[in-house]
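Colleague: I should like to go through the terms applied to this model, one by one. Please begin with the contacts of the ligand.

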Amino acid sequence: MNTSIRQAERHLEIIWILSDNSDFLMRSLAFTMSWSTSNTRLALLVPASVIAVDVIRRLVLARRQRKGFPLPPGPTPVPLLGNVLSIDTEEPWKSYTEMEATYGKCDILYLRLLDQELVILNSQSDALEMLEKRSQIYSDRPFIATLAPYGMDCNFAFAPYGDHWRLCRRIFHQTFRADAALTFRPMQLRRARQMIVNMIDDPNQYPSHFSTFSAAVAMSAVYDYEPHLRDDPMVHSVERFLEASCPAITPEKALPLKMFPFLLHLPDWFPGSSIKREANYSKRWSTEMVENPYQYVQKRMETGGELPVISMVSDHITRMQDYDEAYRIEYTEALKKASATAFLGSAETSSSTLMVFALAMVKHPQVWKRAQTEIDAVIGMDKLPEFDDRPSLPYVEAIIRETMRWQPVLPMGVPHATTTSDIFKGLYIPKGATVIANVWAMSRDEARYPNSSQFIPERFLKPDGTLNDDDPSQFIFGFGRRVCPGRHTADASLWSAIATMLATLDFSLAKDAGGRDIDFEPTYANGITHHPLTFPCAISPRSHINRSRPAFDPLSGGTPLAIGFRAHIELNPAETIKAKTDVRELGKGDQRPHAFTQLALDESGQNAVFQAAGVTYTQSVVKAAAERVPVAYPEAAYYSPSLAGTTR
Ligand code: HEM
């Protein structure tokens with residue numbers, strides 16, 4: 001099969017060389033037919049020739065359409081392959097950054113990868129001018145042949161610009177816009193504290209704790225689902241889907257399908273049919289990943305009784321009851337996509353950023369030590385950071401900015417595409433071109449970030465220690481109508497995880513048997529995201545963090561600190577609260593600990609004061625109890641009615 005494809009490619013190259021002659025189309029087709037007698041070859045070569053003819057026709061047309069405007073500069077393409085050989089396929093963002101120096105002072109480059117035209121934007125100002133100010137032209141996504149067959153079309157981040165994308169994005173926006181995302185903050189802090197528990201318990205599994213944190217935040221917000229720490233079935237289907245589909249997003253995999261779509265229809269015994277089997281496998285996991293959590297919410301809404309279900313999905317299911325049948329079908333499909341995308345968009349990016357953070361801390365101990373000094377001075381050592389503390393912790397903020405800049409987890413963002421041609425700064429930008437905002441080049445701009453390859457949070461501070469105006473999140477999260485709509489949630493997740501880690505943990509190099517530091521050269525994975533691979537390190541609790549101290553002591557009204565403590569407060573059922581928001585009934589037997597935050601007894605010890613959905617409640621207490629447990633307990637930071645202990 002590979003040989004056949006190689007032969008087909010060789011043949012296409014011949015066609016290309018003949019392309020100057022006006023009658024070459026007919027000749028090349030005839031040549032193709034005579035060149036191969038076997039049916040298999042013919043099956044490959046006829047469509048290959050047709051594609052080649054189409055490519056050439058489009059190139060000739062494009063030349064006419066340019067009307068004298070030049071394409072942006074770039075390396076000279078070779079026939080058929082274009083500039084494939086000029087780029088590092090593993091880390092193309094680096095090639096595009098280096099080309100800037102070679103092809104003049106222009107920050108805009110033009111390349112061709114096979115028949116795909118590429119426009120690279122190496123500067124933030126061009127990306128803003130093009131993708132934001134001319135967003136009516138630049139908001140499409142390039143076509144990827146593997147998307148639908150592999151079930152990746154459940155992710156609306158890849159959807160073409162149009163009404164369906166607009167509906168998905170609107171649904172998403174209602175849950176994750178800046179003011180709505182504020183409601184997730186207590187949950188995000190709680191998840192961050194659970195993560196610390198896990199880190200202290202089993203520090204060597206730190207990549208897995210980062211993934212669990214990211215998955216838990218997303219699952220809570222989207223489905224109001226609390227994944228198990230290990231072997232969670234819903235997380236499992238996401239992992240299987242990512243594994244199965246990730247390779248299909250590469251151009252190498254997408255190309256055979258784009259050129260030879262019939263590969264999806266070959267019988268299973270036919271050589272080359274493996275791509276069809278892979279696609280079916282991926283699609284199966286995609287369906288599970290989308291449908292199972294959706295049905296989980298539906299079922300809970302039907303049978304939940306007293307238990308309120310508050311999530312993106314339940315919110316929209318309630319909302320769509322008023323819509324007519326036809327629109328409800330369309331809306332349901334968009335809601336499933338929006339919710340799967342929220343999970344997919346969130347999990348990898350957040351956990352990868354935390355891997356970058358951990359790497360930076362292990363390599364730069366002076367940074368976390370300075371951050372700890374700041375946190376101790378501002379908050380003290382008997383409390384954990386809360387969002388209210390954020391403005392008073394500029395160095396922590398500078399660390400987060402530098403983490404995002406130093407190793408951007410999406411170094412080329414997500415590619416845009418043009419819906420029409422354009423003239424930009426006197427350069428011709430073709431219709432259908434893929435437009436890449438090269439975030440890597442922006443983050444490596446030496447004029448803006450001297451010694452850009454080094455991790456230096458101080459670059460975001462003014463001499464007086466306050467933050468300057470340079471915030472890399474202005475390019476890290478993309479541009480224009482496609483800018484990351486989860487950025488407010490992402491920002492709050494990163495802050496809660498990073499600030500909490502800095503307040504509670506020390507990071508250092510691992511030691512060998514002789515007690516010597518094990519230094520290492522970091523290596524990176526470049527799959528869905530760019531992130532460091534697991535590295536040896538020693539993560540340990542700070543000396544004042546004692547794993548047996550109470551996480552949250554409702555009996556003393558203390559603030560959350562650490563780990564290993566469960567509390568039980570039984571509220572007076574006669575006073576069951578009917579909150580004005582949603583259908584929420586809180587009372588005895590409510591097993592939803594995450595409905596409550598900031599639970600404490602008041603001074604009299606007779607009333608519990610707590611928050612639910614941002615509303616503060618006071619309710620008299622029948623019984624309050626606490627039990628200290630020696631092990632890390634993931635739900636330690638909040639109310640757990642399942643345990644009884646000493647009665648007060
Ligand atoms: C550190 C974390 C994150 C980074 C660096 C990041 C970055 C990005 C980037 C660069 C894009 C493409 C923007 C463009 O096309 O110009 C994007 C799109 C998107 N992101 Fe994020 N993101 C992060 C976290 C999240 C989270 C937590 C969510 C969900 C809550 C999310 C949901 C999405 C969605 C739905 C899109 C597709 C938007 C569209 O095509 O219309 N992201 N993100």
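Modeller: A polar contact is a pair of N or O atoms within 3.5 Å. The model is a predicted one.

Colleague: What makes the approach of Arg-141 to the ligand a polar contact?

Modeller: An oxygen atom of the ligand is 2.8 Å from an N or O atom in the Arg-141 side chain. The limit is 3.5 Å, so the pair qualifies. The side chain of Arg-482 likewise places an N or O atom 2.9 Å from a ligand oxygen. For Gly-345, a polar backbone atom is 3.5 Å from a ligand nitrogen. Helix 6 (163–176) and helix 14 (325–363) are the elements that give two or more residues to the shell, and helix 14 gives the most, with six.

Colleague: Why is Cys-484 called a donor to the iron atom?

Modeller: Its SG atom is 2.3 Å from the iron. Donors are N, O and S atoms within 2.8 Å of such a metal, so Cys-484 counts as one. Cys-484 is the single donor from the protein, and is found in the loop between helix 18 (473–476) and helix 19 (487–504).

Colleague: How do you know that strand 2 and strand 6 pair?

Modeller: Pairing requires at least two bridges. Strand 2 (residues 116–121) and strand 6 have four, in the parallel sense, and therefore pair. Val-119 has Val-435 as its bridge partner in strand 6.

Colleague: What makes strand 3 a partner of strand 6?

Modeller: Two bridges join strand 3 (residues 416–417) to strand 6, so the requirement of at least two is met. These strands run antiparallel, and Ala-417 has Thr-434 as its bridge partner.

Methods: Residues are numbered from 1 along each chain as its sequence is written. This is a predicted model: local features need pLDDT of at least 70, side-chain atom pairs count only at pLDDT 80 or more; totals for chains, interfaces and linings use all residues. Side-chain values use heavy atoms; hydrogens and water are left out. A polar contact is a pair of N or O atoms within 3.5 Å; within protein, one must be able to donate a hydrogen and the other to accept it, and residues adjacent in sequence count only if both atoms are side-chain atoms. Donors are N, O and S atoms within 2.8 Å of the metal (3.2 Å for Na, K and Ca); water is not among the atoms, so sites may look incomplete.
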